[in-house]
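Here is a quick walk through the spaces in this structure, the ligand site, and a couple of backbone oddities. Have the model open as you read.

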Amino acid sequence: MRRMRPADASAAADVFYAAQDELYDRLHQPRIPRNEASLTAFLERLVRSDPERAWVVESEGDGTAPDGAAAASDARLAAFGVAVQREAFWFLSFLFVRPKEQGTGVGRRLLERCMPGEGAGEQPAILATCVESLQPVSTGLYASYGIVPRMPMFALVGEPRPGSLPALPPSVRIRSFESIAEGEIDGHRRLVEAVGSIDHARLGYARPGDHRAWRVDDGRQGFIYVARGSGEPLGYGYVQTSGRVGPVALLDPALGPAVVGDLMQRARPAGAWLALVPGVADHTLLALLRAGLRFDGTPALFCSTRDGPRFEGYLPASFALL
Ligand SMILES: CC(C)(COP(=O)(O)OP(=O)(O)OC[C@H]1O[C@@H](n2cnc3c(N)ncnc32)[C@H](O)[C@@H]1OP(=O)(O)O)[C@@H](O)C(=O)NCCC(=O)NCCS
C-alpha cells in the first residue's frame, strides 16, 4: 500500500470501471456510462486537494499487460481509496477493489489508511460517505466504523414540462458569480464570503477550492440568489451544459423548485437534465417528479457517523464530492 499520486488517476479509473462493471453485471443491471477522461481528471483533482487521504494497493503482476504484451512494470493497481476533508467533515469519495481481490480484507485496510489518524490535522466531527443501495458489502463495511445509512439520494433525469416548475418570487434577484467577482470592487472576496456562509449554514463547512474547480475545471456556471432590496444571500446554484444541475444550496428549502427551474433555463443541454436530490429535499423532489423527471436507477445512501449536513435545501454536486 502506498500514497496515491496524481499520475495514478488513470489506473485508478480502470479499477473503478472493473469493479463497477462486475457488480452491475452480477446484479443484471445496466453498466454505468463510461467517461474515463472526466473521471481521471476528477480523481487527479481530489488527490491534489487531499494527498494524505488517497491510497492505492499494488499487486504483483504476472509480467504481461492485459493485451498480452510484456508489462512495463510487474505492479498494477489492485485497489484505491480517496477521501477528502473539508473543515471538520471527512468524506470518503472512492473505495474500489478489483473483483479478483475482493473479500480478502483489502478494502478494510485501505479504508483505515484513508481515515483520519492521530495528528492528521483538524480531527473531523463527522465521517461520511455515499454508497449504492444495491451494494451490501460497502454498506456493511462502513457501518462497522459507525458510518451508517441515514438518507436516500435520488438521481432524477429528464426534461421538465414547460411551465411545470414555479417562477422565482419577485422578491428574489439573480446574479451570476462572474458579474459579482469581476464587476464589483472587492467582488471576489464578497462572493467567496456569501457562498461560504451559505455552505456553513447548510453543510457545516466551507470549500472555496471546490467552488473554484466547479467553475474553472468543470465549466459549471454559478448563480447567487439574493433578496431584492437588502441584497441578503438566499442561496446559490450551478448548472452545466452537460445537463447537470448542482450543487444547489438554499437557506429556505421551499425556494428549491423555483431555483432549479430557473437554473434549467440558463443552459440548453444536448441531452436530458440530471439532478441529484436528497429524499429530505422533498419540495424539490416532488416538484421535479411532477414536472416529468424520473428516477434513474436505485438511490444512493448518504451514510455518516452522526447527523450533519442539512440536506433539506441542498442538491449535491456528485455522490463522490457533495
Ligand atoms: C466494497 C469494496 C470496496 C470492499 O472491499 P473488499 O476488499 O471486497 O472488502 P473487505 O474484504 O475488506 O471487507 C468486506 C467487509 O464487508 C462487510 N460485508 C460484506 N458483506 C456484507 C453483508 N452482506 N452485510 C454486511 N456487511 C457485509 C463485512 O464487514 C466485511 O468485513 P469482515 O469480513 O471483516 O467482516 C469492494 O468489494 C468493491 O470494490 N466492490 C465493488 C465496487 C463497490 O461497490 N465499491 C463501493 C462503492 S460505494
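For the residue classes used below, Ala, Val, Leu, Ile, Met, Phe, Trp, Tyr, Cys and Pro count as nonpolar, Asp, Glu, Lys and Arg as charged, and the others, Gly among them, as polar. Keep in mind, too, that this is a predicted model.

Let's start with the enclosed spaces. The structure has two cavities of 30 Å³ or more. The largest cavity holds about 70 Å³ of space. Its lining is made up of V84, R86, F89, F91, Y205, R207, D210, W214, L321 and L322. Looking at elements, β3 (75-86), β4 and α7 (208-216) are the ones that give two or more residues to this lining. Sorted by class, the lining of the largest cavity comes out as seven nonpolar, no polar and three charged residues. Domains get involved as well: domain 1 (2-124) and domain 2 (158-296) each put at least three residues into the lining of the largest cavity.

Now for the second largest cavity, with about 40 Å³ of space. Its walls are V248, L250, P253, G256, V260, A281, T284, E312, G313, Y314 and L315. Here β10 (244-250), α8 (256-263) and β14 (314-315) each bring at least two residues to the lining. By class, the lining of the second largest cavity has seven nonpolar, three polar and one charged residues.

On to the ligand. Its shell counts 20 residues, and G103, G105, G107, R108 and Q135 are the ones that come nearest. Which elements supply at least two residues each to that shell? They are α1 (9-26), β4 (89-97), α3 (106-114), β5 (126-132) and α4 (136-143). Helix α4 gives the largest share, five residues. As for chemistry, the shell around the ligand splits into 10 nonpolar, eight polar and two charged residues.

A few polar atoms of the protein sit opposite oxygen atoms of the ligand, and they fit neatly in a table.

| Residue | Protein atom | Distance to a ligand oxygen atom |
|---|---|---|
| T104 | polar backbone atom | 3.3 Å |
| Q135 | polar side-chain atom | 2.7 Å |
| V137 | polar backbone atom | 3.3 Å |

How much of the ligand does the protein bury? On its own the ligand exposes 970 Å², and the protein buries 71% of that. Note that Q135 turns up twice here: it is among the residues that come nearest to the ligand, and its side chain provides the 2.7 Å pair with a ligand oxygen atom.

Finally, the backbone has two spots worth a look. G246 and P247 are joined by a cis peptide bond, with omega about 0°. P247 lies in strand β10, and β10 is also one of the elements lining the second largest cavity. The other spot is E87, with a positive phi of about 50° even though this residue is not a glycine. You'll find E87 in the loop between β3 and β4. Both β3 and β4 contribute to the lining of the largest cavity, and β4 also supplies residues to the shell around the ligand.

Notes:
Residues are numbered from 1 along each chain as its sequence is written. This is a predicted model: local features need pLDDT of at least 70, side-chain atom pairs count only at pLDDT 80 or more; totals for chains, interfaces and linings use all residues. Side-chain values use heavy atoms; hydrogens and water are left out. A residue is near a molecule or strand if one of its heavy atoms lies within 4 Å of it. A polar contact is a pair of N or O atoms within 3.5 Å; within protein, one must be able to donate a hydrogen and the other to accept it, and residues adjacent in sequence count only if both atoms are side-chain atoms. Accessible areas come from the Shrake-Rupley method with a 1.4 Å probe; for residues, only the protein chains shown count as cover. Helices (H or I, at least four residues) and strands (E, at least two) are DSSP runs, numbered from the N terminus. On a 1 Å grid over the protein atoms alone, a cavity is a set of points where a 1.4 Å probe fits but cannot get out, and a pocket is an open set with protein on both sides within 12 Å along at least five of seven lines; lining residues have an atom within 4 Å of a point. Grid points are joined across faces, edges and corners, and a volume is the space filled by probe spheres set on the points. Domain bounds come from an automatic or database domain assignment.
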